[in-house]
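Work through the three exercises below with the structure open. Try each task before you read its solution.

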Amino acid sequence: MMANLPHFIQYQGSKRNLAKHILQFFPKNFNRLVEPFAGTAAISIATSASQTTHSFWLNDLNKPLIELLELSIEKPDEIANFYLELWNEQHTNSVAHYFEVRSKFNQNNDPKLFLYLLARCVKGSVRYNSEGFFNQSPDKRRKGTRPQTMRKNIAGVSSLLKGKCKFTSLDYREVLEQVQECDFIYMDPPYQGVCGNKDSRYLSGINFDDFVLALEKLNRKGCPFAISYDGKLGDKAFGKILPKNLNLERIEIEVGRSSQSTLLGKEETTIESLYLSPNLSNSLMNTKICDFSYIGKKPQQLTLLEKHGEFTASTR
Ligand SMILES: C[S@@+](CC[C@H](N)C(=O)[O-])C[C@H]1O[C@@H](n2cnc3c(N)ncnc32)[C@H](O)[C@@H]1O
């Protein structure tokens, strides 16, 4: 099931390929999964497939994106039909058609148009100019996901999440104020600085100090949580390491070789961090739900290495 998880669109920063690794560190049972930075909800999709919970709260500051998730999950046929019609309009000049749809979207923020733009733009990467207008260019080599594939993808996601989600478009701090002790929270904020500062209101990263403050509050509340935050590409670190006084367990997951490095003939791999809240790492140790019995023996860090499709763990 996990190998063929359905997805909506290619979304830059999606955790789809990492989901099976990340989920190993989730509690065995919890009432509801809360994703304050849901994006395309890859982790909720995987969690629903694993049947750990049947209740989800999907939040993302990007309102058209959340509206798109809601439509796709709750009314899959309606959005798939709309996509088919829009996709068929491309005819001979598909680039001009993309720009037309883009300017319409920038006037009305219609999530249905957003689906087409995301499926058709370069690298599924959401970019806005300083006035907040979506300004990503079309991928000139392709015409976007074929309508029948899109319909299948949407139906797959919908079958896992229909009727199980709450959808909001709030700042993550408001979500964290409202979560309950019996919720489990997975956070995947945008990396700081990855896209430059002026690039977009959604991708320019959240304020580090505010984030740390929100995590301190969450620790006091006693909610279990996990965060994907910083990482490394070769020797280069991206994102700032979260402070020790939060008492989080930091796990490194080797994601694989970066395609950019391979092109340049370098042997660089990408490593992403996953931080576990203190109560989560304690409960993992106590219940031994996974094999990583040495979680918590600081200052050692657990590194997960994926080799030839196999998954092994080692301390370093
Ligand atoms: C790295 S992406 C999440 C990707 C997601 N895990 C997936 O698999 O598709 C980060 C998301 O955070 C959202 N975001 C940025 N700032 C936010 C904020 N202050 N509150 C809530 N969401 C925010 C962005 O719109 C973006 O979709």
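**Exercise 1. Find the handedness of the crossing of α4 and α6, then describe the packing of this pair in the predicted model.**

Step 1. Start with handedness. α4 passes α6 in a right-handed crossing.

Step 2. List the residues that touch. α4 contributes I79, F82, Y83, L86 and W87. From α6 come K112, L115 and Y116.

Step 3. Sort this contact by class. Seven residues are nonpolar, none is polar and one is charged.

Step 4. Add angle and distance. Two packed helices are described by the angle between their axes and the distance between the axes. Here α4 spans residues 76-88 and α6 spans residues 111-120. Their axes come within 10 Å and cross at roughly 60°.

Step 5. Name the arrangement. The angle lies outside the roughly perpendicular range of 65 to 115 degrees and is not under 35, so α4 is oblique to α6.

**Exercise 2. Describe the surroundings of the ligand.**

Step 1. Count the shell. The ligand is surrounded by 20 residues.

Step 2. Pick out the closest ones. They are G13, F37, G39, A42 and L61.

Step 3. Split the shell by class. It holds 11 nonpolar, five polar and four charged residues.

**Exercise 3. Decide which stretches of pLDDT under 50 call for caution, including residues 193-201.**

Step 1. Take the whole chain. Its mean pLDDT is 83, and 82% of its residues reach 70 or more.

Step 2. Look at the weak stretches. Residues 193-201 stay under 50, with 13 contacts beyond four places in sequence in the model. Residues 289-316 are also below 50, and this stretch has 43 contacts beyond near neighbours in sequence.

Step 3. Conclude. Where pLDDT is low, the predicted coordinates should not be read in detail.

Notes: Residues are numbered from 1 along each chain as its sequence is written. This is a predicted model: local features need pLDDT of at least 70, side-chain atom pairs count only at pLDDT 80 or more; totals for chains, interfaces and linings use all residues. A residue is near a molecule or strand if its C-beta atom, placed from the backbone, lies within 6 Å of it. Ala, Val, Leu, Ile, Met, Phe, Trp, Tyr, Cys and Pro count as nonpolar, Asp, Glu, Lys and Arg as charged, and the others, Gly among them, as polar. pLDDT is the predictor's confidence in each residue, from 0 to 100. Two residues are in contact if their C-beta atoms, placed from the backbone, lie within 7 Å. Axes are lines fitted to C-alpha atoms, for helices over the stretch in contact, and angles run from 0 to 180 degrees between N-to-C directions. Helices (H or I, at least four residues) and strands (E, at least two) are DSSP runs, numbered from the N terminus. Angles under 35 degrees count as roughly parallel, over 145 as roughly antiparallel, 65 to 115 as roughly perpendicular and the rest as oblique. A crossing is left-handed if the near helix is turned anticlockwise from the far one by less than a right angle, and right-handed if clockwise.
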